[in-house]
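Let's take a walk around a ligand site and see what lines it. Have the model open as you read.

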Amino acid sequence: MEGVLSLLPRSHTQFVLSRSNFSNAIKSDSLAISGVVSASTVSPPHNSRRRYTQSIETNQAPRLSSLTKRTIQNINQEISPHRAVATVRLLRIEKGGAFAGLLNEKGKNSGKNEMDYVERTLGFRTRELDDRDIRLVTEIVGGTVRWRRYLDHLILSLCNKERVFTDMEPLLLQILRIGFFEIVKLNMPSYAVVNENVKLAKVALRPGAGNLVNGILRKLVLLKESDSLPLPKLEGDDRARARALATIYSHPVWMVRRWIKYLGQEEAVRLMNWNNADPYFGIRVNTWKGYTRADIASQLEDLKVDYETSVLDDFFRIRTGMQAIIHAGLLKKGICSVQDESAGFVVSVVDPQPGETITDCCAAPGGKSLYMASRLQGQGMVYAIDINEGRLRILRDAAKLQDLVGVITAIHSDLRAYSIRNIVKSDKVLLDVPCSGLGVLSKRADLRWNRHLEDMKELTRLQDELLDAAALLVKPGGVLVYSTCSIDPDENEGRVMSFLQRHPEFSVQPINRLVPPDFISEDGFYFSNPVKHCMDGAFAARLVRSLS
Ligand SMILES: C[S@@+](CC[C@H](N)C(=O)[O-])C[C@H]1O[C@@H](n2cnc3c(N)ncnc32)[C@H](O)[C@@H]1O
């Protein structure tokens, strides 16, 4: 609760009535509160500013608890729920308290908790979200997070003084970002966007905030209509050009510089466009439960899902319609799992065979462990190790759902300690390391802002340590697969080359018969390129241990 209140601007806590500030506020003779106050307590809203604020005359402390209850139960009908939820979710994401999840299952993770959070933050309750609202929240939050640098550049350019932007209350900034995103990137009718965002700023903050939103959004509309948005020019030295590209395509400057260095400017721009576009989702059919891809294809057609079959057996690529899949219960019943094809290919590089013992060293939440276990056909074992107990719980639950309990053993441990203690060696070992995630930025909208150049050093150090630990678990003649969901050569080829220097007992094994040629790099590694293959970026190297 404290965390929530600390996000609120002082003016907001003075203005809005909520559970925590009610008792202090009620002591004053007259107080202004948002239009959520019970209709039985105050007269019905009128059309003027009074629609959003009501004045109560009271000194009567004994009425406090019943009024508080009614206040909390009442619902603000003026504000569109998706807008209120999107604003608060954006605040939480920026403060590190939430993910910009692109797959929102109604009632899952957020549900009631999120609506309570919205109420505590904004000071009023909205009606529950319906399916359309959920789609809108996902679209607005994902897009606003992705385009943050670009949107902030425009907002700053349109403020009279820099200080108006730098001192802006966090809530007001989120409302403006949403408005800018809707106008510039979603091309929504500007009158509706201005109207709705002004209303939200007035109710959630104060009338003056609404006026500011009104002024800035109207300026934006004029500039957009005259095709003269103030965007930076691509000029100057390398650094200046990278900064301009970082703003235009809304990525951190260090990423842009790194990609220009490794890929060239044209390819870097293509990659940023991919990261900013709506992602495809992959789903895998759980054939071990007896379903075939043909069964699921006919269900997808009934659900009017826009899908393609993947080059990988058991997988589909979903363009639109994930919500329909979720609502049809295909995931909850364990019939399908959300898994990107790029992760499926990593399992192909491991090539699990019935009867084998496989150790998955960084296994949770379990996507690859479960797929490997299903390919064992009930014979063999996957030892799924992870340091994170919470994430391992997800793996255990999914194993039950997918009827794989007999072929997966979850082990909660730090791999570095486990590999020294454990003397049993496996036929195959998968090490899917913690990495920058630079290959999955289209699906993880907020990740680009949470990663920093300094992280790369820390991550590559950890990757080396985990590789050394994983090597101890491979039996002579056995296979070690090192994988990432990164497109960064330092985390990929760089780690493998360094490992091979430290461990001459390992050598690279060809993967020609395991994945299509299009996915094999010159060095003989698996690599999916988001732009070229239209899936997440991923890397895997198959290394074999000598017999002696
Ligand atoms: C990229 S994720 C693995 C994703 C997983 N392979 C899948 O397909 O669902 C990396 C995992 O490494 C785990 N991890 C990080 N450090 C570890 C360590 N020292 N020992 C074991 N697991 C670790 C993290 O908890 C995280 O779950």
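What follows goes from the shell around the ligand to two of its annotated positions.

First, some housekeeping: this is a predicted model, where local features need pLDDT of at least 70, side-chain atom pairs count only at pLDDT 80 or more, and totals for chains, interfaces and linings use all residues. Residues are numbered from 1 along each chain as its sequence is written.

Start with the ligand. It's surrounded by 18 residues (C-beta atom, placed from the backbone, within 6 Å of it), and the closest are Cys362, Gly367, Asn388, Leu415 and Asp432. At least two shell residues come from each of α19 (367-375), β8 (381-386) and α21 (415-421); helices are DSSP runs of H or I with at least four residues, strands are runs of E with at least two, and both are numbered from the N terminus.

UniProt's unreviewed entry lists a "binding site" whose positions include Ala364, Lys368, Asp386 and Asp432; such annotations may be inferred rather than shown by experiment.

Now look at Ala364, in the loop between β7 (357-360) and α19. Is it buried or exposed? Ala364 counts as buried because it has 23 C-beta neighbours inside 10 Å, and the cut-off for buried is 20 or more other C-beta atoms within 10 Å, with exposed at 12 or fewer and partly exposed in between. Beyond four places in sequence, its contacts (C-beta atoms, placed from the backbone, within 7 Å) include Asp386, Asn388 and Arg391.

Lys368 sits in helix α19 and is buried too, with 25 other C-beta atoms within 10 Å. Leaving out residues up to four places away in sequence, Lys368 touches Ala343, Val346, Val347, Asp360, Leu430 and Asp432.

Technical notes:
Two residues are in contact if their C-beta atoms, placed from the backbone, lie within 7 Å.
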